[in-house]
Amino acid sequence: MKTSRFYIIAVATALLMTSCSNGDERMLTVINEDGTCSREMTFHPGKENAMAPLGKPVDADGMTFHSSWKRTWSVMGDSVRHACPMTQQQWDSLQNVSGNILMHTRQDYPSVSEMGDSLNRVAQELFKDSASLEKHFKWFYTDYVYKETLSIAVKESVFLISLDRFVSADTASYWFTGEPNLAAGLTGAEQKAMLDDIEAKIVHWFMACSMAHVCEIIANEQYDEVKNPPVSKEQFEALKDSIAMLPAVANIDLFDNMNQVGRILEDFFHSDAYTPLFKDEEVWNHRLEETYKFYTYLLYMKPMLDYVMPGKVMDAGNGVVDGNVVHYKFSGERLIPHPYSVTITSRVTNLWAFVATILVILLAIGSFAYKRKTSR
């Protein structure tokens with residue numbers, strides 16, 4: 001029996017609340033006192049990427065690292081870094097290589113804004129990044145406030161139907177990010193009932209988006225093939241939203257039975273003019289896979305976001321402070337309801353300010369004592 005890729009994606013969406021980050025993959029950002037910074041991305045490479053020449057870009061779940069990124073590799077559990085590219089002998093010598101090897105791509109920047117721009121180029125249209133760093137000088141210490149926001153770059157063109165038509169903003173945020181905690185105070189049975197209800201609405205939303213894409217493809221690419229269409233191309237396109245929001249759309253399985261779509265259009269238009277378009281399911285499988293490649297990358301993207309700030313961290317927001325590192329749990333689907341924000345405040349003690357203050361006090365005391373002595 002053919003496995004529905006679309007079903008897998010939908011189920012993955014429904015299970016996001018229990019999904020967890022891959023602890024091996026991370027994005028380490030280091031902020032220095034002078035405003036310079038660096039970023040290192042760690043991920044499991046395939047053989048082609050591990051052995052790619054340094055001048056050739058490498059890819060990781062929709063992100064492309066060009067030759068300006070310094071590349072090294074290591075074996076899980078071993079801190080030793082090795083020069084890229086890997087040799088065939090090195091690759092063959094490791095058992096279960098795809099799970100044991102980590103690739104590290106690193107780049108230095110003169111400012112955090114340039115670091116954000118660089119990540120945008122790496123992510124292409126997967127997501128967009130903006131970062132800022134503020135320094136607040138307060139004599140005895142200097143506070144550093146780092147802010148970074150990740151958001152979906154092409155959200156409207158992928159999710160054609162707004163999520164708020166199915167669930168509230170708080171419900172969407174809870175489903176995809178865990179906040180706010182709507183399950184607080186509920187029994188296990190009550191939580192299950194609530195999650196089942198949300199799951200059904202989220203899947204319906206996803207199916208509605210997909211149905212809207214199907215209608216868009218028909219209108220833009222296939223309408224000339226429709227014999228005796230019941231409405232004009234312009235009218236069909238205008239009705240896309242109404243078709244996508246039909247209750248029957250919640251139960252369709254686009255990858256395994258495109259004829260369901262044909263029947264929905266038959267019922268809606270009282271015509272079978274569009275039915276012949278769905279005879280070749282493989283063509284539709286390919287088109288929808290291409291359309292939702294972006295979404296699939298988001299589901300795969302689960303790096304831990306690690307930050308190292310100058311001085312001592314005073315406020316990590318939603319992050320967890322672990323020594324001199326702040327950890328933020330991140331996954332691509334967290335970007336669906338709203339942007340993902342990082343705000344960290346750290347403090348650097350200005351030792352020279354203490355020394356200067358003590359010297360001024362000592363000079364003042366010395367001057368006072370000298371004047372007092374000479375006045376006698």
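Before I show the first feature, a definition: a patch, as I use the word today, is made of residues with over 30% relative accessible area and no salt bridge, and nonpolar side chains are joined into one when they lie within 5 Å. Please also keep in mind throughout that this is a predicted model.

With that in hand, let me begin at the surface, where Leu351, Phe354, Val355, Ile358, Leu359, Ile361, Leu362 and Ile365 form a nonpolar patch whose accessible area comes to about 790 Å² together. One of these residues, Ile365, lies in helix H14, which covers residues 351-374. Is Ile365 buried or exposed? Its relative accessibility is 52%, and because the cut-off for exposed is over 50%, Ile365 counts as exposed.

Let me now turn to the sheet. Eight strands form an open sheet with mixed pairing, and their order is E6-E5-E7-E2-E1-E10-E13-E12. The edge strands, each of which pairs on one side only, are E6, at 82-83, and E12, at 320-322.

Within that order, I would like to dwell on strand E1, residues 26-31, which pairs with strand E2, residues 37-43, in the antiparallel sense over six bridges. In this pairing Leu28 stands opposite Glu40 of E2. The hairpin of E1 and E2 has five residues between the strands, and in this hairpin Gly35 takes a positive phi near 95°. E1 also runs parallel to strand E10, residues 304-308, to which five bridges join it, and there the bridge partner of Val30 is Val308 in E10.

At the E12 edge, three bridges join E12 to strand E13, residues 325-328, and these two strands run antiparallel; here Asp322 stands opposite Val325 in E13.

Coming back to strand E2, I chose Ser38 as a residue to look at in detail, since it lies in that strand. Ser38 counts as buried because its relative accessibility is 8%, where buried means under 20%. Which residues does Ser38 touch, if we leave out those up to four places away in sequence? The answer is Leu28, Thr29, Val30, Arg106, Gln107, Asp108, Tyr109 and Met115.

Finally, a word on cysteines, as someone will surely ask about them. A disulfide is a covalent bond between the sulfur atoms of two cysteines. How many disulfides does the structure hold? The number is zero. As for individual cysteines, Cys209 is buried, with a relative accessible area of 0%, and Cys215 is buried as well, with a relative accessible area of 1%.

Methods. Residues numbered from 1 in each chain as written. Predicted model: local features only at pLDDT ≥ 70, side-chain atom pairs only at ≥ 80, totals over all residues. Heavy atoms only, no water. Patch = residues over 30% accessible without salt bridge, like charges linked within 9 Å, V, L, I, M, F, W, Y side chains within 5 Å. Areas by Shrake-Rupley, 256 points an atom, 1.4 Å probe, with all protein chains shown as cover. Salt bridge = Lys/Arg side-chain N within 4 Å of Asp/Glu carboxyl O. Helix = DSSP H or I, 4+ residues; strand = E, 2+ residues; numbered from the N terminus. Buried < 20%, exposed > 50% of the residue type's maximum accessible area, 1.4 Å probe, protein only. Disulfide = S-S within 2.5 Å. Pairing = 2+ DSSP bridges. Contact = heavy atoms within 4.5 Å.
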